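User: I am new to reading protein models, and I would like to go through one slowly, with the reasoning spelled out at each step. Could we take it as a series of questions and answers?

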Amino acid sequence: MRKSTKDARPESYRIQEDSIRIVSQELSSANAWSARKDWIVPLKSHCMCCLMRELDEKKHPTLGFFKPKAITKFTIQPDDASWSASQLEILRQKDLFVQGPEVELQKVPYKFVYSFTCDHASCRGHNMSCTDWEMGESWRSWKEKYGDDWKDKFLQRYEKEMIHEKDTHFYVGTIHRHPKNWIIIGLFYPPVDPQASLLGL
């Protein structure tokens, strides 16, 4: 990876695509999650409140990974149906060496928001937008497949399963133009480990 020259945030790097190695592709589902955990869990922070405090005190981190104490609500909120001028500018950037997509990416006309609490004594709760790539692709796919009934499938996956059936963790990051504002940028959702649940982990 190379440090981004256009983004001053300490964790912002340009990924070298040919360096990516898939570690769980040929493993069973359970073993695949275990392999992912080996890489991800050592990066785990205590909570969102701690990440916010550290950013205020030390100007970093601007990326984080943690498990919320409880996810209390998931909401779907209307959003702009069209890209902004600045978003279009980014979407339409060309690369001399990479063939761009033939069809422009469809804007998701909704915001997806998780409400949750931290395992911190002073936590008053958080409401954070989630821009997870998989979530956006789910909307595009299920809107086409199910029409106006897409929301039932969506809530089953991202509300019921993520809140009640998965050991859901959040990847979070700050916004480039608003470096104090945090959003959820990804979901990590292995199956619930019964033994860990008994131990309160």
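The turns below go from the overall fold to single residues.

User: How many helices and strands does the protein chain have?
Analyst: A point to keep in mind from the start is that this is a predicted model. Along the sequence, the elements of the protein chain follow the pattern β-β-α-α-β-β-α-β-β-α-α-β-β-α. Counted by type, the secondary structure comes to 6 helices and 8 strands.

User: What share of the residues in the protein chain is buried?
Analyst: A residue counts as buried when its relative accessible area is under 20%. Applied to the 201 residues of the protein chain, this gives a buried share of 33%.

User: Which helix gives the most residues to the largest nonpolar core?
Analyst: The largest nonpolar core has 35 residues, and those with the most contacts inside it are Tyr114, Phe154 and Leu187. The helix that gives the most to this core does so with 5 residues, and it is the one spanning residues 48–58, helix α2.

User: Which elements are included in what covers the buried residues of α2?
Analyst: The residues of α2 that are buried are Met48, Cys49, Cys50, Leu51 and Leu55. What covers them includes strands from several parts of the chain, namely β3, β5, β6, β7 and β8.

User: Which residues of strand β6 point to the face where side chains are buried?
Analyst: In a regular strand the side chains alternate between the two faces of the sheet. Strand β6, residues 126–130, shows this alternation, with Asn127 and Ser129 pointing to one face and not being buried. The buried side chains on the other face belong to His126, Met128 and Cys130.

User: Which residue in β6 stands opposite tyrosine 114?
Analyst: Strand β5, residues 110–117, runs antiparallel to β6, and 5 bridges join the two. Within β6, the residue that stands opposite tyrosine 114 is methionine 128.

User: Is histidine 126 buried or exposed?
Analyst: Histidine 126 lies in strand β6, and, leaving aside residues up to four places away in sequence, it touches Met48, Cys49, Met52, Tyr114, Ser115, Phe116 and Cys118. The relative accessible area of histidine 126 is 11%. Because buried means under 20%, histidine 126 counts as buried.

User: Why do cysteine 123 and cysteine 49 not form a disulfide?
Analyst: A disulfide is a covalent bond between the sulfur atoms of two cysteines, and the structure holds 0 of them. For cysteine 123, which is buried with a relative accessible area of 18%, the closest cysteine sulfur is that of cysteine 49. A disulfide needs the sulfur atoms within 2.5 Å, so this pair is too far apart for a bond, with a separation of 3.8 Å.

User: Is lysine 69 buried or exposed?
Analyst: Lysine 69 sits in the loop between β3 and β4. Not counting residues up to four places away in sequence, lysine 69 touches Thr117, Cys118 and Asp119. Its relative accessibility is 59%, and because exposed means over 50%, lysine 69 counts as exposed.

User: What distance separates the C-alpha atoms of lysine 69 and aspartate 119?
Analyst: Along the chain, lysine 69 and aspartate 119 are 50 residues apart. In the model, the separation of their C-alpha atoms is 5.0 Å.

User: Which residue caps the N-terminal end of helix α4?
Analyst: Helix α4 covers residues 133–146, and its 14 residues reach 20 Å from the first C-alpha to the last, close to the 20 Å expected. Just after this helix, glycine 147 takes a positive phi of about 65°. At the N-terminal end, a side-chain oxygen lies 3.2 Å from the backbone nitrogen of glutamate 134, and that oxygen belongs to the capping residue, aspartate 132.

User: Which side chain does glutamate 161 join through a polar contact of 3.3 Å?
Analyst: Glutamate 161 is found in helix α5 and is buried, with a relative accessible area of 15%. Setting aside residues up to four places away in sequence, glutamate 161 touches Gln156 and Lys166. The polar contact of 3.3 Å joins the side chain of glutamate 161 to that of arginine 157.

Technical notes:
Residues numbered from 1 in each chain as written. Predicted model: local features only at pLDDT ≥ 70, side-chain atom pairs only at ≥ 80, totals over all residues. Heavy atoms only, no water. Buried < 20%, exposed > 50% of the residue type's maximum accessible area, 1.4 Å probe, protein only. Helix = DSSP H or I, 4+ residues; strand = E, 2+ residues; numbered from the N terminus. Pairing = 2+ DSSP bridges. Contact = heavy atoms within 4.5 Å. Core = buried A, V, L, I, M, F, W, Y, C linked by side-chain atoms within 4.5 Å. Expected span 1.5 Å × (residues − 1). Polar contact = N/O pair within 3.5 Å; in protein donor to acceptor, adjacent residues only side chain to side chain.
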